[in-house]
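Colleague: Got a minute to walk me through this model? I'd like to go over how the pieces touch.

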There are 2 protein chains.
Amino acid sequence: MTAKETSQRILDVAEQLFAEHGFDATSLRAITKEAGVNLAAVHYHFGSKEALVEQVFARRLGPLNRRRLELLDRAEAEAGGTPCVETILECFYAPALRTFTRPESGHGHFMRLFGRTFTEPNEQMRNMFVEQFGEVVRRFSAALSRALPHLPAEHLWWRMHFMVGAMAHSLSCPHGLRFLSGGRCDPDNHEEALRQLIAFVRAGLRAPVLARQVTS
Amino acid sequence: MTAKETSQRILDVAEQLFAEHGFDATSLRAITKEAGVNLAAVHYHFGSKEALVEQVFARRLGPLNRRRLELLDRAEAEAGGTPCVETILECFYAPALRTFTRPESGHGHFMRLFGRTFTEPNEQMRNMFVEQFGEVVRRFSAALSRALPHLPAEHLWWRMHFMVGAMAHSLSCPHGLRFLSGGRCDPDNHEEALRQLIAFVRAGLRAPVLARQVTS
DNA sequence: TCGGACGTCAAACAAACGTTTGAATGAGGA
DNA sequence: TCCTCATTCAAACGTTTGTTTGACGTCCGA
């Protein structure tokens, strides 16, 4: 087994176990045992558990967000500058959801982990998010702002917040949908999830701005 | 210090630290030190760390969901059976968000914790959710179904899933909104959050049902 | 054939964890 | 006053954690 194979297997197994049990509840011993490598290999190849976590994310998030920007670039070129809301949503959601359909890629485990991580309050994660998502936030909020010219900026930010939340919840809480539907909806049908998500969020983004009540 | 005071303080501090760092990352030693009580007090009053976690939830979730059902009862009585979508949403969201505005209640920490817990895959949590939310899901999905008679059940379930997701994300990921808006939206303004959430989700629930493409 | 990277391995490290124990404390009733 | 019972306390239990160590094997260039 080469060194590349070893570190690759550690990353794959770590991704899966982190997704299933969380970071703190997953020990290096569980990872190395499942991967069939020596315990010390983690520190040899990555330096620490924290660094391993970072690597697990960096390996996936870079390509994911690059793909998002790529799709947005193309959509903007085709639309002559301002694609419609649903096209923008497709650019944002599809890279996260479509990759599910290729289970061999391992993206499935990662996306579940990814959904969980929005909530992780730890400092390290926070910084990585700012770094990895800065460009995506800038580009997509600009695109949505152009597609929704009548929507005040403050409202757009709130709605983008919900737009992210609906996706994160779908990724990280599939059992929630099973519970709600009594098992009659399949959260693993990601094409359906994408359709439903876009239909829902598109309408939410386009909702009329209500006159603000005077708070008593 | 009475026994009631001791277990109360343990619950309060546990709620806060769980919300900040997660269950696994919060040790009983950190809780008891912060609460100013002896380490063994947790096992004396609760039996185990797991039982403490359960108590933290039971203390809040019961009243929260009772309040939701109470509001829905009243709304249905006033509307003569079928309140509109936004009224139903208000019944569902307000008990979770409005309690924030009374910071002395400690609900704030709990709701952050609560948002996180949707994602926790642990068995114990899963069971509690089914028990605590069974009635709420039944009543609210029935009410929404009556308010949206043209929406197929399968679509309603997906949309309720997103409706929960938007809320959970708002509760658990306030830093997300700050990041998105560059600090210009205040996630702790819960009246505003409630308004924005209802405006967004109402439109999402009412979105037209798209003709399903034939998948190639 | 030698020698030095490189990677793997079992073993051990200190620290932190949840949990248990048995003595000490203090208020209330007989 | 004495006994009782609920509560608190410091100390220790055995595990598990992330991390480190030094020996061992293996491959490649000289």
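**Between the chains**

Colleague: How many residue pairs in polar contact does the rule find across the interface of chain A and chain B?

Modeller: Keep in mind that this is a predicted model. Such pairs count only if both residues are at pLDDT 80 or more. With that filter, the number across the interface of chain A and chain B is zero.

Colleague: And which helix gives the largest share of the side of chain A that touches chain B?

Modeller: Helices H7 (123-147), H8 (153-172), H9 (174-181) and H10 (190-205) of chain A each supply at least two residues of that side. One of them gives 16 residues, the largest share, and that's H8(A).

Colleague: What area is buried between chain A and chain B?

Modeller: On the contact side, 58 residues of chain A meet 58 residues of chain B. Carbon and sulfur atoms give 71% of the buried area, and the total is about 5400 Å².

**At the DNA**

Colleague: Which residue has a side-chain N or O atom 2.5 Å from a phosphate oxygen of DNA strand D?

Modeller: Leu28(A) has a phosphate oxygen of strand D at 3.0 Å, but from a backbone N or O atom. The side chain of Asn38(B) puts an N or O atom 3.4 Å from a base nitrogen instead. The side chain with the 2.5 Å distance to a phosphate oxygen belongs to Thr6(B).

Colleague: How many charged residues does the surface near DNA strand D have?

Modeller: In total, 16 residues surround strand D, with Arg29(A) and Lys49(A) among the closest. By class, six are nonpolar and seven polar, and the charged ones number three.

Notes: Residues numbered from 1 in each chain as written. Chains lettered and ligands numbered in written order. Predicted model: local features only at pLDDT ≥ 70, side-chain atom pairs only at ≥ 80, totals over all residues. Heavy atoms only, no water. Contact = heavy atoms within 4.5 Å. Buried area = accessible area lost by both parts, 1.4 Å probe. Polar contact = N/O pair within 3.5 Å; in protein donor to acceptor, adjacent residues only side chain to side chain. Helix = DSSP H or I, 4+ residues; strand = E, 2+ residues; numbered from the N terminus. Near = heavy atom within 4 Å. Nonpolar A, V, L, I, M, F, W, Y, C, P; charged D, E, K, R; others polar.
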